[in-house]
Amino acid sequence: MFERFTKDARAVIEGAAGHAERAGAERVEESHVLLALFDREGSRGSFALAALGLTPARRQEVVRELDGARRRGGLSRADAEALSGLGIDLAEVVSRVEEAHGEGALAARRYGLGRHWSGRRLFSRGARDLLTQSLRMALGHSDRHIGDEHLLLALASRPGVPAEVLADHGVTYETLNRVLYGGGEARAAG
């Protein structure tokens, strides 16, 4: 499938692996793909984000929200609300765990001291499913190649923290589809 990726999409995948490595994450997650999409300039995906008002300054808000979700062990706001309905205060749980084990204790596992990793960074199941979904997005729009815009569409269409955070900033599958493929004033050049 990787041979169908455009130069921009390949750069996003490589950037996602870089974000995972810098974060000390064992695997590349969907949130790393989103962060790598933010790094791109001059691509269809970056155009769509800008057209929807997700400027570099506003992207920092998204990064902070992703960090907050990571501190909650990757639970979305919807997950937190569901737990709250059961009488579980997630903020209190996170606070107590971090008090006992240090800040970020619920975040994805990091490498232990002395443990080194070499080779390619592995993708989590969610990130692999995201890549498959991006292929479906491209095929659904009769596009021959998978671009960074398809990765962005796939992220916005899947349940989870990245889609929730994007939606909070007005970036949904529907708004992206309109900007990228018509039905609105702005349209990304192919």
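Which residues does R158 touch, not counting residues up to four places away in sequence? Let's begin there, and then walk through the rest of the protein together. R158 touches E30, G126, D129, L130, Q133 and A163. One of these partners deserves a second look: the side chains of R158 and E30 make a polar contact of 2.7 Å. As for its place, R158 lies in the loop between α8 and α9.

Before we go on, a word about what we are looking at. This is a predicted model. The mean pLDDT of the protein is 83, and 78% of the residues reach 70 or more. Among the elements, helix α8, residues 148-157, has the highest mean pLDDT, at 97. At the other end is helix α6, residues 90-101, with the lowest mean, 67. Please also find residues 108-118 on your screens, where pLDDT stays under 50. For that stretch the model has 14 contacts beyond four places in sequence.

Now the overall layout. How many helices and strands does the protein have? There are ten helices and two strands. If you read along the sequence, the pattern goes α-β-α-α-α-α-α-β-α-α-α-α. Of the 190 residues, 40% count as buried. Take the contacts with a separation of 6 or more: residues 24 or more positions apart account for 66% of them. The accessible surface comes to about 10600 Å², and carbon and sulfur atoms hold 50% of that.

Let's go to helix α2, which covers residues 30-39. Eight of its ten residues are buried, so α2 is largely enclosed by the rest of the structure. The buried ones are E30, H32, V33, L34, L35, A36, L37 and F38. You have met E30 already: its side chain is the polar partner of R158.

What about D39, which is also in helix α2? Is D39 buried or partly exposed? With a relative accessible area of 47%, D39 is partly exposed. To be called buried, a residue has to be under 20%, and D39 is at 47%. The side chain of D39 joins that of H19 in a polar contact of 2.7 Å. There is also a link in space to A16: the C-alpha atoms of D39 and A16 are separated by 9.7 Å, although the two residues are 23 apart along the chain.

So let's follow that contact across to H19. This histidine is found in helix α1, residues 7-23. H19 is buried, because its relative accessible area is 17% and the cut-off for buried is under 20%. Leaving out residues up to four places away in sequence, H19 touches H32, L35, A36 and D39. Three of those names may sound familiar, as H32, L35 and A36 are among the buried residues of α2. Here is a handy rule for helices: with 3.6 residues a turn, residues three or four places apart point the same way. Keep that in mind when you turn the model around.

Just past α2 comes R40, in the loop between α2 and α3. Which residues does R40 touch beyond four places in sequence? The list is D8, A11, V12, S46, R59 and D148. D148 is 108 residues away from R40 along the chain, yet their C-alpha atoms are separated by 8.9 Å.

Next, a look at rings. R44 lies over the face of Y181, at 5.3 Å from the ring centre. If you hoped for aromatic pairs as well, a search of the whole structure finds zero.

Back to the neighbourhood of R158, and on to α9. This helix is mostly covered, with six of its eight residues buried. They are V161, P162, A163, E164, V165 and L166. A163 was in our opening list, as one of the residues that R158 touches. After α9 comes G170, whose phi is positive, near 85°.

My last stop is S142, in the loop between α7 and α8. Most residues other than glycine have a negative phi. S142 has a positive phi, near 60°, and is not a glycine. Is S142 buried or exposed? S142 is exposed, with a relative accessible area of 65%.

That's my tour, and thank you for listening. If you try one thing afterwards, find R158 and E30 on the model and look at the 2.7 Å polar contact between their side chains.

Key: Residues numbered from 1 in each chain as written. Predicted model: local features only at pLDDT ≥ 70, side-chain atom pairs only at ≥ 80, totals over all residues. Heavy atoms only, no water. Helix = DSSP H or I, 4+ residues; strand = E, 2+ residues; numbered from the N terminus. Buried < 20%, exposed > 50% of the residue type's maximum accessible area, 1.4 Å probe, protein only. Contact = heavy atoms within 4.5 Å. Polar contact = N/O pair within 3.5 Å; in protein donor to acceptor, adjacent residues only side chain to side chain. Phe/Tyr/Trp six-rings, centres within 6.5 Å; stacked < 30°, edge-to-face > 60°. Lys NZ or Arg CZ within 6 Å of the ring centre and 35° of its normal. pLDDT = per-residue confidence, 0-100. Areas by Shrake-Rupley, 256 points an atom, 1.4 Å probe, with all protein chains shown as cover.
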